[in-house]
Amino acid sequence: MPTAAASRSNSRSPSYVTTAIPYVNDVPHVGFALEMVQADALARFYRLSGNDVRFLAGTDENSLKNVHAAELAGIPVAALVERNAARFRALRESLELSFDDFIRTSTDARHRPGAERLWTACVESGDIYKRAYHGLYCTGCEQFYKPDELDDGRCPEHDTVPDEIDEENWFFRLSKYGDRLSEIYAHGEVEIVPASRRNEVLAWIKSGLEDFSISRSAARARGWAFPFPATRSK
Ligand SMILES: [Zn+2]
């Protein structure tokens with residue numbers, strides 16, 4: 001099952017292919033290599049079909065996982081992500097990948113302005129708000145869990161006990177988009193393939209979408225990553 005995302009409105013149109021961006025707390029594993037090869041096959045297929053393809057890859061470097069890995073290794077976070085991102089980028093040679101571009105989120109000059117534009121658009125549409133939050137956070141997953149999502153109080157992915165976190169966070173108002181998203185997917189405005197995955201997504205939306213945290217405290221992140229625009233002057 002390809003995990004790459006691609007958009008294509010009709011044949012001979014521009015096609016965009018991208019992958020998930022991996023955390024670079026360690027060297028690449030074979031699961032990620034598979035995803036890259038699948039995305040590459042898709043990009044090559046579109047090119048052979050005569051489309052103008054843009055295939056983008058990159059690395060997610062602004063994560064707590066990277067901070068913790070650097071602490072364990074006893075080196076600065078910037079040095080750790082530099083070293084490991086190079087290993088991910090080098091897959092281009094060893095796997096003969098054909099991506100056109102590779103964006104590192106901590107150093108690429110395009111990333112921060114892009115993220116800030118998205119932030120501003122969300123603020124203007126009233127989709128971002130701040131509230132005090134208490135939750136159970138798994139660093140491995142980089143996400144909060146509700147108690148009923150845990151197995152005996154442990155992360156179902158990592159089998160570790162999540163940290164109890166109390167902090168003020170920014171939230172994205174995903175809850176308001178349930179109906180809109182259902183419509184878009186149900187009417188094929190955005191196509192999800194295979195159909196079994198579309199049904200999964202639709203069922204997930206129907207079960208009720210919740211707002212989610214899109215920030216973490218600078219203290220918890222040891223000052224790594226970018227401050228949110230609205231908080232920069234504080
Ligand atoms: Zn986890």
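**Close-up 1. The exposed residue E96 in its loop.** E96 is exposed in this predicted model, because its relative accessible area is 61% and the cut-off for the exposed class is over 50%. The residue belongs to the loop between α4 (91-94) and β4 (101-104). Although E96 is not a glycine, its phi is positive, at about 55°.

**Close-up 2. The buried residue E142 in the loop between β5 and β6.** The loop between β5 and β6 holds E142, a residue other than glycine whose phi is positive and near 55°. With a relative accessible area of 13%, E142 is buried, whereas E96 of the preceding view is exposed. The class given to E142 follows from its value of 13%, because buried means under 20% relative accessible area.

**Close-up 3. The zinc ion and its protein donors.** The zinc ion has as its protein donors the SG atoms of C138, C141 and C155 together with ND1 of H158, and these lie 2.1 to 2.3 Å from the ion. The site is tetrahedral, the angles among its 4 donor atoms being 100 to 116°. For reference, the ideal angle at a metal with four tetrahedral donors is 109.5 degrees. Along the sequence, the donor residues follow the spacing C-x2-C-x13-C-x2-H. Distant parts of the chain are linked by the pair C138 and H158, which are 20 residues apart: C138 is in strand β5 (residues 128-138), while H158 is in the loop between β6 (143-145) and β7 (163-172).

**Close-up 4. Accessibility of two zinc donors, C138 and H158.** C138 has 3% relative accessibility and therefore counts as buried, whereas H158, at 35%, counts as partly exposed. Both residues are among the protein donors of the zinc ion, C138 through SG and H158 through ND1.

**Close-up 5. The buried residue E35 in helix α1.** E35 lies in helix α1, which spans residues 30-48. Its side chain is without a salt bridge even though the residue is buried, and the nearest side chain of opposite charge, that of R197, is 13 Å away. A polar atom of the E35 side chain does, however, lie 2.7 Å from the backbone nitrogen of A20.

**Close-up 6. The cis peptide bond between V193 and P194.** V193 and P194 are joined by a cis peptide bond, for which omega is about -5°. P194 is found in the loop between α6 (178-186) and α7 (195-206).

Technical notes: Residues numbered from 1 in each chain as written. Predicted model: local features only at pLDDT ≥ 70, side-chain atom pairs only at ≥ 80, totals over all residues. Heavy atoms only, no water. Donors = N, O, S within 2.8 Å, 3.2 Å for Na, K, Ca; no water. Tetrahedral: all angles 85-135°; square planar, octahedral: opposite > 155°, others 65-115°. Helix = DSSP H or I, 4+ residues; strand = E, 2+ residues; numbered from the N terminus. Buried < 20%, exposed > 50% of the residue type's maximum accessible area, 1.4 Å probe, protein only. Lys, Arg positive; Asp, Glu negative; His and termini not counted. Salt bridge = Lys/Arg side-chain N within 4 Å of Asp/Glu carboxyl O. Polar contact = N/O pair within 3.5 Å; in protein donor to acceptor, adjacent residues only side chain to side chain.
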